[in-house]
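Got the model open in your viewer? Let's take a walk through it, one selection at a time.

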Amino acid sequence: MRLGLVIDLDTCVGCHACAVACKEWNTSGTTAPLTDYDPYGAKPSGVWFNRIRHFEVGDYPHNKTINFPMSCMHCENAECVTVCPTGASYKRAEDGIVLVDQSKCMGCNYCSWACPYGARELDRVSGTMKKCTLCIDRIYDMEIPEEERQPACVLTCPAHARMFGDVDDPESPVSRAVRDRGGYQLMPELDYNPTNHYLPPRVHAPIPTEELKKKAVRKMKEWVNRVVER
């Protein structure tokens with residue numbers, strides 16, 4: 001079994017709800033607290049396991065904003081685990097989740113430098129490295145309903161752009177989504193074999209520029225007519 005996330009880039013609206021929910025849940029989770037630095041100052045910062053990047057692709061009027069959530073990929077061949085001198089970074093054999101033992105971490109930053117995804121966060125207060133745990137304290141909690149045993153980011157996404165499941169099971173919903181939509185891994189050339197996958201934006205037929213102009217003119221005329229009638 002290899003647990004991970006599948007993120008639909010065509011659906012994600014970049015609302016940051018996943019990042020906020022992650023921050024809220026993990027502030028009291030297994031690697032808590034997640035420290036904030038100068039939160040009400042000119043340059044606020046802090047420890048975040050999930051961050052959303054924004055990219056603009058294409059040329060106007062056929063451009064599109066891509067919202068790209070980034071967190072730990074829980075790689076099968078996790079270099080962050082290999083370079084850790086204390087054994088604090090480790091990969092669970094039973095589900096493939098990569099974690100950091102806070103009692104062993106000495107904050108040397110080796111794992112952060114080895115991660116090409118920028119997924120590790122050094123907490124300056126505790127002096128230890130922290131990262132996405134896939135909400136391990138939630139997904140295995142038998143005290144909550146089964147349908148709620150998912151990462152906080154998945155549960156909170158208003159656009160349902162995030163899925164969670166076993167990518168090693170070819171019939172799981174996440175595996176079917178990757179197969180049907182041409183899902184891909186980030187930086188596969190590194191051979192880290194990340195568990196998390198992304199579903200690409202769907203390609204929509206472009207609207208001709210002249211048609212856009214005509215539509216804008218029609219809308220303007222309709223607005224003017226409404227104003228005149230008043």
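Start by selecting helix α1, residues 17-26, and show its side chains: C18, A19, A21, C22, K23 and N26 are the buried ones. Keep in mind as you look that this is a predicted model. Now add what those side chains touch. The buried residues of α1 pack against β2 (36-37), β4, α5 (152-156) and β10 (162-166).

One of those partners, β4, is the next stop. Select residues 51-57 for β4 and 64-70 for β5: the two strands run antiparallel and pair over seven bridges. To find your register, click on H54, which sits opposite N67 in β5. Then follow the chain around the hairpin, where six residues lie between the strands. Pause in the turn at G58, whose phi is positive, about 80°.

Stay with this hairpin and show the rings of F55 and F68. How do their planes meet? The ring centres are 6.3 Å apart and the planes stand at 85°; anything over 60 degrees counts as edge-to-face, so this pair is edge-to-face. F55 belongs to β4 and F68 to β5, and the pair links distant parts of the chain, 13 residues apart.

Is each ring buried or exposed? With a relative accessible area of 44%, F55 is partly exposed. F68, at 10%, is buried, because the cut-off for buried is under 20%. Now add Y184 and Y198 to the selection: ring pairs link them with F55 and F68 into a cluster. The structure has four aromatic pairs in total.

Next, switch on a cavity display. Over the whole structure there are five cavities of 30 Å³ or more, and the largest holds about 120 Å³ of space. Which residues should you select to find its centre? Go for C72, C75, C80, C115 and Y117, the closest to the centre among the 16 that line this cavity. By type, the lining has 12 nonpolar residues, one polar and three charged.

Last stop: the second largest pocket, with a volume of about 190 Å³. Select M1, L3, I139, Y140, M142, E146, E147, R149, Q150 and F164 to see its lining. Colour these by type and you get six nonpolar residues, one polar and three charged. Look out for F164 here: its position falls within β10 (162-166), one of the elements that the buried residues of α1 pack against. That brings you back to the helix where the tour began.

Notes:
Residues are numbered from 1 along each chain as its sequence is written. This is a predicted model: local features need pLDDT of at least 70, side-chain atom pairs count only at pLDDT 80 or more; totals for chains, interfaces and linings use all residues. Side-chain values use heavy atoms; hydrogens and water are left out. Two strands pair if DSSP finds at least two bridges between them. Helices (H or I, at least four residues) and strands (E, at least two) are DSSP runs, numbered from the N terminus. On a 1 Å grid over the protein atoms alone, a cavity is a set of points where a 1.4 Å probe fits but cannot get out, and a pocket is an open set with protein on both sides within 12 Å along at least five of seven lines; lining residues have an atom within 4 Å of a point. Grid points are joined across faces, edges and corners, and a volume is the space filled by probe spheres set on the points. Ala, Val, Leu, Ile, Met, Phe, Trp, Tyr, Cys and Pro count as nonpolar, Asp, Glu, Lys and Arg as charged, and the others, Gly among them, as polar. Buried means under 20% relative accessible area, exposed over 50%, partly exposed in between (1.4 Å probe, protein chains only). Contact means heavy atoms within 4.5 Å. Rings of Phe, Tyr and Trp (its six-membered ring) pair if their centres lie within 6.5 Å; planes under 30 degrees apart count as stacked, over 60 as edge-to-face and the rest as tilted.
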